[in-house]
Amino acid sequence: MRILVFSDSHGSVSACTTVIENIINVDMILHAGDCVSDAAWIQKCYPNIPVKYVRGNCDTNPCTAPSELIIEAEGKKILLAHGHQYSVKSQPECQDLIEAAKGCDCAVFGHTHQPVCFKKENLTVLNPGSAKSLNSYGVIEIEDGVLRAAVCYSNPL
C-alpha cells in the first residue's frame, strides 16, 4: 500500500496534484491540514483514491473537518493531526504528539512547515513539510506488515 501525505498546502493545490499525477499506485492520500479546501478538491479530482484530512489552525469556521483521525491501513494505525494542538513547534521531539499516538504505528502531522521523519520506539513520526513553500510531501508504504515512511521533494512549479 502506498499513501501520499501532504500538509500546509495553503491554497496551492497544484503542488499536490502534480505529485499525485507523477506517483504510480497511490492507494490513499492524507492531508494534515491548513487548507482543507485543497484536500476536498483533491478528493473531488481523484474519486478513486480515498482522501483523509483534518483541519489545521488556519482552517477557520465553518470547517467541519475533524481535528484528528485514526486511520487503519493494512493492519496499521495512523494518527493524523495538524499538530498545533500538540505544541509541535515548541517540542521538536514531539513528546505530546507521541503520547497521543500511543497504540498507533505512525503519527502524521504538519503545522511547522519543516519536514521530519523519525522513529521513536515502535512509532514512525512523519511531517511532510509544506506542499506550498517547500514542494515537499511524504510517502508511507506498508508492505508485508512493515510500515516505512519518507519525506520527498518535487520540482518547483
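**Exercise 1. Find which residues D59 touches, leaving aside its neighbours within four places in sequence.**

Solution. Keep in mind that you're looking at a predicted model.
- Start by placing the residue: D59 sits in the loop that links strand 3 (51–53) to strand 4 (68–73).
- Now skip everything within four places in sequence, and the contacts of D59 are G33, D34, C35, V36 and V54.
- Zoom in on V36: its backbone nitrogen is 3.0 Å from a polar atom of the D59 side chain.
- Then try G56, whose backbone nitrogen lies 2.7 Å from a polar atom of that D59 side chain.

**Exercise 2. Work out whether D59 has a salt bridge, and which side chain of opposite charge is nearest.**

Solution.
- D59 is buried.
- Look for the nearest side chain of opposite charge and you land on R55, 7.4 Å away.
- A salt bridge needs the two groups within 4 Å.
- So D59 goes without one.

**Exercise 3. Trace the sheet that contains strand 3, and say which strands stand at its edges.**

Solution.
- Write down the order, which is 3-2-1-9-10: five strands in an open sheet with mixed pairing.
- Strand 3 and strand 10 (146–153) each have a single partner strand, so they are the edges, with one side of each lacking a neighbour in the sheet.
- Going from one strand to the next, the twist averages 20 degrees.
- Check one pairing: strand 2 (residues 28–31) and strand 3 run parallel, joined by three bridges. In strand 3, K52 is the bridge partner of L30.
- Next add helix 1 (residues 13–22), which packs on the sheet and touches strand 1 (2–6), strand 2 and strand 9 (136–143). Its direction is at about 165 degrees to that of strand 1.
- Finish with helix 2 (residues 36–45), lying across strand 2 and strand 3 at about 170 degrees to strand 3.

**Exercise 4. Decide whether N22 is buried or exposed.**

Solution.
- Find N22 in helix 1.
- Its relative accessibility is 60%, and the cut-off for exposed is over 50%, so N22 counts as exposed.
- For a sense of distance, compare C106: its C-alpha atom is 25 Å from that of N22, with the two positions 84 residues apart along the chain.

**Exercise 5. Do the same tracing for the open sheet that contains strand 4.**

Solution.
- The order here is 4-5-6-8-7, again five strands with mixed pairing.
- Strand 4 and strand 7 (116–120) are the edge strands, each pairing on one side only.
- The strand-to-strand twist averages 20 degrees.
- Strand 5 (residues 76–81) pairs with strand 6 (residues 106–108) in the parallel sense, over three bridges. One of the bridge pairs joins L79 to A107 in strand 6.

Terms used:
Residues are numbered from 1 along each chain as its sequence is written. This is a predicted model: local features need pLDDT of at least 70, side-chain atom pairs count only at pLDDT 80 or more; totals for chains, interfaces and linings use all residues. Side-chain values use heavy atoms; hydrogens and water are left out. Helices (H or I, at least four residues) and strands (E, at least two) are DSSP runs, numbered from the N terminus. Buried means under 20% relative accessible area, exposed over 50%, partly exposed in between (1.4 Å probe, protein chains only). Lys and Arg count as positive and Asp and Glu as negative; His and the chain ends are not counted. A polar contact is a pair of N or O atoms within 3.5 Å; within protein, one must be able to donate a hydrogen and the other to accept it, and residues adjacent in sequence count only if both atoms are side-chain atoms. Contact means heavy atoms within 4.5 Å. Two strands pair if DSSP finds at least two bridges between them. Axes are lines fitted to C-alpha atoms, for helices over the stretch in contact, and angles run from 0 to 180 degrees between N-to-C directions.
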